[in-house]
Amino acid sequence: MEDNNPPPTKPRVVCCIGDIHGYTTKLQNLWSNLESCINPSDFETALVIFLGDYCDRGPETSKVLDFLIALPSKYPKQSHVFLCGNHDFAFGAFLGVLPSPPDGSEFCETWKEYEMNEEREGWYKGESFENMHLQGRRWAGNHTVKFNAVKGIDYKGSIYDAAPTFESYGVPHGSADLMKVVTDEHKKFLANLVWIHEEDDVTIKTEEGIKRCKLIAVHAGLEKNKPVEQQIKTLKAKDTRIPKVAPLSGRKDVWEIPQELTKTPTIIVSGHHAKLHIEGLRLIIDQGGGFEDQPVAAIVLPSLEIVRDTDHLVK
């Protein structure tokens, strides 16, 4: 008797790449390692999700953006998703490429809640600051406290460690000239970053075997005590009225999967936290690549294989 059932579809490979933070050599090495360890036909058609934070800390933000922008033409059969991280949001805010607040309010409205921090964080007061989003002013500011006690290192210019980004474009930290020298191509890339990405059918290896799940990719995570649909709506709309977007910049409040998403299997994948954390369907892929001596990491689905720029892989 003839079997008319089609063979099961091979799961699509999904690569989720953690925070890069201006380290183009790390990015190039990681990309080579992904090419080495994934079957060529699978890599050629992979979904590649970059989890955000392309700028700051490392010395070559401009070259990192060049690399990312070139990927769709070099790998036309792949799908590429570029999430917005909190650092990218702030970079875009300084350059003036964020969408206007949907209610017609001014960006200066975002300052009010945090004005008590203005002096300590040394918010930017130069050209075009009058209607700049809070995070743009913080990003280009000069932090009055020079040592970051939490991280045990000096701040690089601002609370965002943005000085290397300015320098990668050939201008000093805090200079309004950055608005002129960043290319239109780079501005367009930053303007088009998505705040959240959803996939309906992603395969993942679990203790119970292979599962097909929904996947939500967001830089930091989803807030556990707010309705998920409302959060997704706000993130898709890129609501810039919000002074601090928790799913891009939160910590403990976005670490876990919200309870309502545990009813149907949903992977939440993020970077941001300077941690490599895999617990059930919660994937946090950021091994601290923004620090010179730490690797940039990626996770490959469905296998859950961790790949780093420092791995020595042979083709």
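Axes here are lines fitted to C-alpha atoms, for helices over the stretch in contact, and angles run from 0 to 180 degrees between N-to-C directions. Helices (H or I, at least four residues) and strands (E, at least two) are DSSP runs, numbered from the N terminus.

This is a predicted model, where local features need pLDDT of at least 70 and side-chain atom pairs count only at pLDDT 80 or more, while totals for chains, interfaces and linings use all residues. Residues are numbered from 1 along each chain as its sequence is written, and side-chain values use heavy atoms, with hydrogens and water left out.

**Exercise 1. Work out how α3 and α9 pack, and which residues make the contact.**

Step 1: get the geometry. The axes of α3 and α9 (residues 184-192) come within 10 Å and cross at roughly 75°.

Step 2: put a word to the angle. Angles under 35 degrees count as roughly parallel, over 145 as roughly antiparallel, 65 to 115 as roughly perpendicular and the rest as oblique. So α3 is roughly perpendicular to α9.

Step 3: list the contact, meaning heavy atoms within 4.5 Å. From α3 come Ser62, Leu65, Asp66, Leu68 and Ile69, and from α9 come Glu185, His186, Phe189 and Leu190.

Step 4: sort by class. Ala, Val, Leu, Ile, Met, Phe, Trp, Tyr, Cys and Pro count as nonpolar, Asp, Glu, Lys and Arg as charged, and the others, Gly among them, as polar. For α3 with α9 that gives 5 nonpolar, 2 polar and 2 charged residues.

**Exercise 2. Do the same for α1 and α3.**

Step 1: α1 (residues 24-37) and α3 (residues 61-74) have axes 8 Å apart, packed at an angle of about 30°. That angle makes α1 roughly parallel to α3.

Step 2: on the α1 side, the residues are Thr24, Leu27, Gln28 and Trp31; they meet Lys63, Val64, Phe67, Leu68 and Leu71 of α3.

Step 3: the class tally for α1 with α3 is 6 nonpolar, 2 polar and 1 charged residues.

**Exercise 3. Stay on α3 and find what the side chain of Ser73 is paired with.**

Step 1: Ser73 sits in helix α3. Its relative accessible area is 61%, so Ser73 is exposed. The scale: buried means under 20% relative accessible area, exposed over 50%, partly exposed in between (1.4 Å probe, protein chains only).

Step 2: a polar atom of the Ser73 side chain lies 3.0 Å from the backbone oxygen of Ala70.

**Exercise 4. Figure out which backbone angles deserve a second look in Asp56, Lys238 and the Leu301 to Pro302 bond.**

Step 1: recall the background. Most residues other than glycine have a negative phi, and most peptide bonds are trans.

Step 2: check Asp56, which is in the loop between β2 (47-50) and α3. Phi there is near 75°, a positive value in a residue other than glycine. Asp56 is buried, at 0% relative accessible area.

Step 3: check Lys238, in the loop between α10 (228-237) and α11 (246-249). Lys238 isn't a glycine either, yet its phi is positive, about 50°. At 16% relative accessibility, Lys238 also counts as buried.

Step 4: check the peptide bond. Leu301 and Pro302 are joined by a cis peptide bond with omega of about 10°. Pro302 belongs to the loop between β11 (297-301) and β12 (305-308).

**Exercise 5. Count the disulfides and see where Cys84 stands.**

Step 1: apply the cut-off, a pair of cysteine sulfur atoms within 2.5 Å. The count comes to 0 disulfides.

Step 2: for Cys84, the nearest cysteine sulfur is that of Cys55, 8.8 Å away, and Cys84 is in no disulfide. Cys84 is buried, with a relative accessible area of 3%, whereas Cys108 is partly exposed at 24%.

**Exercise 6. Map the surroundings of Gln287.**

Step 1: Gln287 is in the loop between β10 (282-285) and β11. With 23% relative accessible area, Gln287 is partly exposed.

Step 2: Ala274 is 13 residues from Gln287 in sequence, with a C-alpha to C-alpha separation of 5.1 Å.

Step 3: not counting residues up to four places away in sequence, Gln287 touches Lys275, Leu276, Gln294, Pro295, Ala297 and Arg308.

Step 4: look for a polar contact, which is a pair of N or O atoms within 3.5 Å; within protein, one must be able to donate a hydrogen and the other to accept it, and residues adjacent in sequence count only if both atoms are side-chain atoms. The side chains of Gln287 and Arg308 make one, at 2.8 Å.
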